[in-house]
Amino acid sequence: MNNRQWFTVTKINSTLFVISELHHWEKPNMYLIIGEKRAMLIDTGLGVCNLYDKIKEITNLPIIVVITHAHWDHIGSISSFTDIAIHSLDQPSLEVFPLPKSVVINNLIHGNNIFPDSFKLENYQICSKKPTVILNDSDLIDLGNRTLQVIHTPGHSPGHICLYEEKTGYLFTGDLVYEGKLDMFYPTTNPIDFYNSIKKIESLRVSYLFPGHFRFPLEFTLIKEISSAFAEISRIDPGLKKAGVFNFSKFSIHI
Ligand SMILES: [Zn+2]
Ligand SMILES: [Zn+2]
């Protein structure tokens, strides 16, 4: 596969594009939101292929990259960009990535993947970078006649954020909500925080959800279903302390 085939671009409308890495088992989604003065890129994917060139094919506007959380599969191409925003609590992991390279490589090559011809595993680097903007809950990011709000949603990582556009009702959910295994079993995760974050976004007026992995867009009802699932697990284990994988129809919860 050549480099051009690695990214799949889906045009939702003239100001919203999804860039997906569908040839990888994780199926990461990145989002390019075009304003009048600048564009926002939400996450930078796996870093196995040049994302910057792909983005420049879509827009010439200045780009602010907003990272939902500093996991390897969301920061992969960050070194190609200059203006980077992240929540204060995930800033340390962006500056010094905490996991050994071998762990990342295991995740990268696990599952069924078709990598681009240019990709050489021995050259793969985990990106680290000093952000230019530190975000906190309720911060507003103005792109010129459209504004996205930072919603701090810890649980999957301490500084995980969602991005919400009130005007359209779009909610970009990172790894808080998607149709797959919702992970909160690592040392840096917190299932109680995760549940509280779900309750927090449940109160928003949402038209569509745009998740960090797998199928998009998703209906708001998925948030309700995840919330009910947590309520069900909490009835038996109020502290969400028992490790396990709890399966539901569209997702599972891994504590
Ligand atoms: Zn993650
Ligand atoms: Zn992820």
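This is a dialogue about reading two zinc sites and a cavity in a predicted model.

Me: Which residues are the protein donors of the zinc ion (ligand 1), and how are they spaced in sequence?

Reply: In a predicted model such as this one, a metal site is read from the atoms that serve as its donors. For the zinc ion (ligand 1) these are NE2 of His-69, ND1 of His-71, NE2 of His-156 and OD of Asp-175, at 2.1 to 2.3 Å from the metal, and along the sequence the donor residues follow the spacing H-x1-H-x84-H-x18-D. His-69 belongs to the loop between strand 5 (63-66) and strand 6 (84-87), whereas Asp-175, 106 residues apart from it, belongs to the loop between strand 11 (170-174) and strand 12 (181-183), so that the pair links distant parts of the chain. Both of these residues, His-69 and Asp-175, are buried.

Me: Why is the arrangement around the zinc ion (ligand 1) irregular?

Reply: The geometry is judged from the angles between donors, and four donors count as tetrahedral only if all angles lie between 85 and 135 degrees. Here the 4 donor atoms subtend angles of 90 to 177 degrees, and therefore the arrangement is irregular.

Me: What are the protein donors of the zinc ion (ligand 2), and which residue bridges it and the zinc ion (ligand 1)?

Reply: The zinc ion (ligand 2) has as its protein donors Asp-73 (OD), His-74 (NE2), Asp-175 (OD) and His-213 (NE2), lying 2.0 to 2.7 Å from it, with the sequence spacing D-H-x100-D-x37-H. This site is also irregular, its 4 donor atoms giving angles of 90 to 143 degrees. The bridging residue is Asp-175, which coordinates both zinc ions, and these are 3.4 Å apart.

Me: Are Asp-73 and His-74 buried or exposed?

Reply: Burial is read from relative accessibility, with under 20% counting as buried. Asp-73 counts as buried because its relative accessibility is 7%, and His-74 counts as buried because its value is 2%.

Me: How many cavities of 30 Å³ or more are there, and which strand supplies the largest share of the lining of the largest cavity?

Reply: A cavity is described by its volume and by the residues that line it. The count comes to 1 cavity of 30 Å³ or more, and the largest cavity holds about 30 Å³ of space. Strand 11 gives the largest share of its lining, with 3 residues, while strand 3 (29-34), strand 11 and strand 13 (208-211) each supply at least two. Among the lining residues are Asn-29, Tyr-31, Phe-172, Thr-173, Gly-174, Phe-210 and Pro-211, and the whole lining divides into 5 nonpolar, 5 polar and 1 charged.

Conventions. Residues are numbered from 1 along each chain as its sequence is written. Chains are lettered from A and ligands numbered from 1 in the order in which they are written. This is a predicted model: local features need pLDDT of at least 70, side-chain atom pairs count only at pLDDT 80 or more; totals for chains, interfaces and linings use all residues. Side-chain values use heavy atoms; hydrogens and water are left out. Donors are N, O and S atoms within 2.8 Å of the metal (3.2 Å for Na, K and Ca); water is not among the atoms, so sites may look incomplete. Four donors count as tetrahedral if all angles lie between 85 and 135 degrees; four count as square planar and six as octahedral if opposite donors are over 155 degrees apart and all others between 65 and 115; anything else is irregular. Helices (H or I, at least four residues) and strands (E, at least two) are DSSP runs, numbered from the N terminus. Buried means under 20% relative accessible area, exposed over 50%, partly exposed in between (1.4 Å probe, protein chains only). On a 1 Å grid over the protein atoms alone, a cavity is a set of points where a 1.4 Å probe fits but cannot get out, and a pocket is an open set with protein on both sides within 12 Å along at least five of seven lines; lining residues have an atom within 4 Å of a point. Grid points are joined across faces, edges and corners, and a volume is the space filled by probe spheres set on the points. Ala, Val, Leu, Ile, Met, Phe, Trp, Tyr, Cys and Pro count as nonpolar, Asp, Glu, Lys and Arg as charged, and the others, Gly among them, as polar.
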